[in-house]
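Work through the exercises below with the structure open. Each task is followed by a solution in steps.

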Amino acid sequence: MDRVSTAAEQNPSKNAGALRVASVNLNGIRAAYKRGMADWLADRDIDILTLQEVRAPDAIVRELLGDDWHILHAEAEAKGRAGVAIASRQAPTATRDHIGEDYFKTSGRWVEADFDIDGKTLTVVSAYVHSGEVDTPKQDDKFRFLDVMTHRLPALKASSDHVLVTGDLNVGHTERDIKNWKGNVKRSGFLPTERAYFDRFFGEEIGFHDVARQLAGDVDGPYTWWSWRGQAFDNDTGWRIDYHMATPDLAAIAGNAVVDRAPTYASRFSDHAPLVIDYQF
């Protein structure tokens, strides 16, 4: 499959040798499980699951996911906020629980896990970039985090055979990524200064690929987040702010990309939909 599908279409089966990676902002893992996340997870044959906005103690995360997963979880120091995790069927060879700057050490916004795949190292990241708010300290923290990413991404690229950064990055990169982009150019999430970071991430300087965009082509969306309020979900007035960012050789083997958009508003387990992509090793 050479484009990004939605869950309304038939989910493709996973080919032999493929590694299926799913990323989703849960808007709270306990709430997501109450709304049916376990049923979704049971049917998707996922090898690596990256989670953002987990918002729960480590014991709860492990209880809900169960014993079949190896779990790396960075709980935020601020209770009930943020939190990121990587759950994998295969045990990682090494893990790191923050982005590398002490200011963000306990923020619960970045974890890294290394995996041995056919003798090569694959580094997977689960990231949750700040939502931000213009002209507030929240926006200052968002820019500071994006600044750190501009250093961490090249370092990972230099030290690992393959790198995959997944998660809710809270920026729509282009006009194709937001349904109502004209009404959001002065809001956090679509500021020109934020989007410029993504120009660098996906440009020659840093050299990652936006895998979902690469597979979807020059089309609107597919969106991954819709507000709980109003008719945003029913009207598909969404934002594409959940990403798989891959180093070039990894992006070249990506396929079967699906946004698992719930069939109805009532059947959503989060305000985000999972982004599921296969990597054919």
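Ala-18 lies in strand E2 (residues 18-25), and with a relative accessible area of 11% this alanine is buried. The structure is a predicted model.

**Exercise 1. Find what Ala-18 is in contact with, leaving aside its neighbours within four places in sequence.**

Step 1. Start from strand E2, residues 18-25, where Ala-18 is found.

Step 2. Look for contacts beyond four places in sequence: Ala-18 touches Asp-47, Asp-278, Tyr-279 and Gln-280.

Step 3. Place one of these contacts. Tyr-279 is the bridge partner of Ala-254 in E13.

Step 4. Set a distance beside the contacts. Pro-57 is 39 residues from Ala-18 in sequence, and their C-alpha atoms are 32 Å apart in space.

**Exercise 2. Describe how strand E12 is covered and how E12 pairs with E13.**

Step 1. Take the accessibility of strand E12 (residues 254-259): six of its six residues are buried, so the strand is mostly covered.

Step 2. Take the pairing. Four bridges link E12 with strand E13 (residues 275-280), in the antiparallel sense.

Step 3. Pick out one bridge: Ala-254 is matched with Tyr-279 in E13.

**Exercise 3. Is strand E5 enclosed or open, and which strands pair with E5?**

Step 1. Count the buried residues. In strand E5 (residues 84-88) these are five of the five, so the strand is largely enclosed by the rest of the structure.

Step 2. Separate the two faces. Val-84, Ile-86 and Ser-88 are on one side, Ala-85 and Ala-87 are on the other, and both faces are covered.

Step 3. Find the pairing with strand E3 (residues 48-52): five bridges join E3 to E5, and the two run antiparallel. Gln-52 has Val-84 in E5 as its bridge partner.

Step 4. Find the pairing with strand E4 (residues 70-74), which is also antiparallel to E5 and has five bridges. Here Leu-72 stands opposite Ile-86.

**Exercise 4. Give the strand order of the open sheet of six strands and explain what sets its edges apart.**

Step 1. Write the order: E6-E7-E8-E9-E11-E10, with mixed pairing.

Step 2. Go to the edges. Strand E6 (94-96) and strand E10 (209-210) each have a single partner strand, so one side of each has no neighbour in the sheet.

Step 3. Check the pairing at one edge. E6 and strand E7 (residues 110-117) are antiparallel, with three bridges. Within E7, Glu-112 stands opposite Arg-96.

**Exercise 5. Locate the residues with unusual backbone geometry.**

Step 1. Recall the usual case: most residues other than glycine have a negative phi, and most peptide bonds are trans.

Step 2. Examine Asp-45, which is not a glycine but has a positive phi of about 50°. Asp-45 is in the loop between helix H2 (37-42) and E3, and at 46% relative accessibility this residue counts as partly exposed.

Step 3. Examine Ala-82, with a positive phi of about 45°, again in a residue that is not a glycine. Ala-82 is in the loop between E4 and E5 and is buried, with 6% relative accessibility.

Step 4. Examine the peptide bond from Gly-221 to Pro-222: this bond is cis, with omega near -10°. Pro-222 is in the loop between H6 and E11.

**Exercise 6. Where is Ser-227 found, and is Ser-227 buried or exposed?**

Step 1. Locate Ser-227 in the loop between helix H6 (211-216) and strand E11 (242-246).

Step 2. Compare its relative accessible area, 14%, with the cut-off for buried, which is under 20%. Ser-227 is therefore buried.

Step 3. Inspect its side chain. A polar atom there lies 2.9 Å from the backbone nitrogen of Arg-229.

Step 4. List the contacts beyond four places in sequence: Ala-232, Phe-233 and Arg-268.

**Exercise 7. Describe the largest pocket and the second largest pocket by volume and lining.**

Step 1. Begin with the largest pocket, which holds about 1,100 Å³ of space. Its lining has 42 residues, and the closest to its centre are Tyr-128, His-130, Ser-131, Gly-132 and Asn-170.

Step 2. Sort that lining by class: 14 nonpolar, 16 polar and twelve charged residues.

Step 3. Turn to the second largest pocket, with a volume of about 330 Å³. Of its 22 lining residues, Trp-40, Asp-260, Ala-262, Ser-267 and Phe-269 are the closest to its centre.

Step 4. Sort the lining of the second largest pocket: nine nonpolar, five polar and eight charged residues.

Conventions: Residues are numbered from 1 along each chain as its sequence is written. This is a predicted model: local features need pLDDT of at least 70, side-chain atom pairs count only at pLDDT 80 or more; totals for chains, interfaces and linings use all residues. Side-chain values use heavy atoms; hydrogens and water are left out. On a 1 Å grid over the protein atoms alone, a cavity is a set of points where a 1.4 Å probe fits but cannot get out, and a pocket is an open set with protein on both sides within 12 Å along at least five of seven lines; lining residues have an atom within 4 Å of a point. Grid points are joined across faces, edges and corners, and a volume is the space filled by probe spheres set on the points. Ala, Val, Leu, Ile, Met, Phe, Trp, Tyr, Cys and Pro count as nonpolar, Asp, Glu, Lys and Arg as charged, and the others, Gly among them, as polar. Buried means under 20% relative accessible area, exposed over 50%, partly exposed in between (1.4 Å probe, protein chains only). A polar contact is a pair of N or O atoms within 3.5 Å; within protein, one must be able to donate a hydrogen and the other to accept it, and residues adjacent in sequence count only if both atoms are side-chain atoms. Contact means heavy atoms within 4.5 Å. Two strands pair if DSSP finds at least two bridges between them.
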